[in-house]
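Visitor: Hi, could you walk me through this one? I'm new to this.
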Protein chains: 2
Amino acid sequence: MSTRVSIDRKKEIIEGFYELSKVNGIENTSIAKIGKHLGMPPSLIMHYFPTRDILISNLISFILKRMLRIYTPIIKELRVQNYTDPVTFVDRLFSRDWNLLIDDGVFYGCFSLIFRNETIKREFRNLHLKLRENLKEILDQDEKLNQKDTALLSEQIFVVVEGAYYYLSMIEDEEMYEDKVQIFKNQVYQLLKP
Amino acid sequence: MSTRVSIDRKKEIIEGFYELSKVNGIENTSIAKIGKHLGMPPSLIMHYFPTRDILISNLISFILKRMLRIYTPIIKELRVQNYTDPVTFVDRLFSRDWNLLIDDGVFYGCFSLIFRNETIKREFRNLHLKLRENLKEILDQDEKLNQKDTALLSEQIFVVVEGAYYYLSMIEDEEMYEDKVQIFKNQVYQLLKP
DNA sequence: TTTAAAGTTGAATGATCATTCAATATTATG
DNA sequence: CATAATATTGAATGATCATTCAACTTTAAA
């Protein structure tokens, strides 16, 4: 069905789309621009992605897959150590690894599409349910938390993390940024207290 | 400088822009479409808003002004009663008044612009600083909280509220939605405990 | 009432858009 | 090697875009 070439091309196109979206926003990244950026005619892009909507929904899958990756290093660690201090991965949640993993502008640009596209909304919902499940699994490894409702806890932790990401993305002042991060980290540590 | 007519026209145009953006998204709401919607030539819109960017930045001001309004009824109450149970306005924060006040799709669509526009970012930041200040003032009215750092508390409350709004906007199932709301409300009540 | 300013119209601009298509080149298959 | 499938090209489509402009109408000021 899908050849090596077609798989590579699709990947190349989506990555080009993503790169240009970082600079111009998704809404200003046309098929023609992607083509010029990659040195291919727009018709080739449409050969692999028949409509712009399909192209966008592939970009979203690409982004959501990336986001899930924040957990893979932590989960690997857990396999080896059989124990990880929750504080360690809370730190990781607040670290700038996420910003490195995926551009905030592109991410929120995609997110804003959920309100007019049911499929995109479902994809985002699934990602977030997965993120919470993963966090729950990690919390379950910690004996100190075995009295706690870890499902509830992971909801509570994530709502702080996500609120923090939203709010922090407006803060320019470096010092203020660090202050706020500390506040929100403490807020999560408080939740983790036995 | 600005006549009655020009003030009314500008308002009419921005509101038309907002209405169409609810349905199509900002990125798909052109000046021509706004004109058709309001029964006026696009050139008239450009007479009042010389560029599309100016039009967008006016839409954003319009939206942010609206958001601040969630507090005015609460603050009015406080003036009369000289006391309001914080639980009451936490409820209000989580109520659907906000969704009524401003469409989530338009809101997040505007928000995603902060990443490529410094002015818009500043406007959003100012709104959120104001929201937190307002909440602090309300918390300060409550004697039960006079041992607490109300500035810190308002940060912590809002980060939950904003994370919740983000997350809840993906949830379709009504029952699940109510469950989550209750979780996040409890999380805030916990913060308010003396 | 004259005149200036502000408001409004509609047609025209060139740029860019997503998408289509037929033609050509490359690769895989039998 | 032949042939079918896949990959790629480049030109052309009509729609829509933000913006410009000159002409016209209404309102305000003097």
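Guide: Sure. Both Glu155(B) and Lys180(A) are buried, meaning under 20% relative accessible area, where over 50% is exposed and in between is partly exposed (1.4 Å probe, protein chains only). This is a predicted model: local features need pLDDT of at least 70, side-chain atom pairs count only at pLDDT 80 or more, and totals for chains, interfaces and linings use all residues. Residues are numbered from 1 along each chain as its sequence is written, chains are lettered from A and ligands numbered from 1 in the order written, and side-chain values use heavy atoms, without hydrogens and water.

Visitor: Okay, what does Glu155(B) form with Lys180(A)?

Guide: A salt bridge, with the closest N and O atoms 2.4 Å apart. The term means a side-chain nitrogen of Lys or Arg within 4 Å of a carboxyl oxygen of Asp or Glu.

Visitor: And what about Glu155(A), which Lys does it pair with?

Guide: Glu155(A) forms a salt bridge with Lys180(B), and their closest N and O atoms are 2.3 Å apart.

Visitor: Which residues are linked with Glu155(A) in a network?

Guide: Arg132(A), Glu162(A) and Lys180(B) are linked with Glu155(A) by salt bridges.

Visitor: Switching topic: which residues come nearest to DNA strand C?

Guide: Of the 18 residues around DNA strand C, the nearest are Ser30(A), Arg52(A), Thr3(B), Arg9(B) and Ser43(B). Here, "around" means having a heavy atom within 4 Å of the strand.

Visitor: What does Ser30(A) have close to a phosphate oxygen?

Guide: A polar side-chain atom of Ser30(A) lies 2.9 Å from a phosphate oxygen of DNA strand C. For Arg9(B), a polar side-chain atom is 3.0 Å from a phosphate oxygen of that strand.

How values were computed: A polar contact is a pair of N or O atoms within 3.5 Å; within protein, one must be able to donate a hydrogen and the other to accept it, and residues adjacent in sequence count only if both atoms are side-chain atoms.
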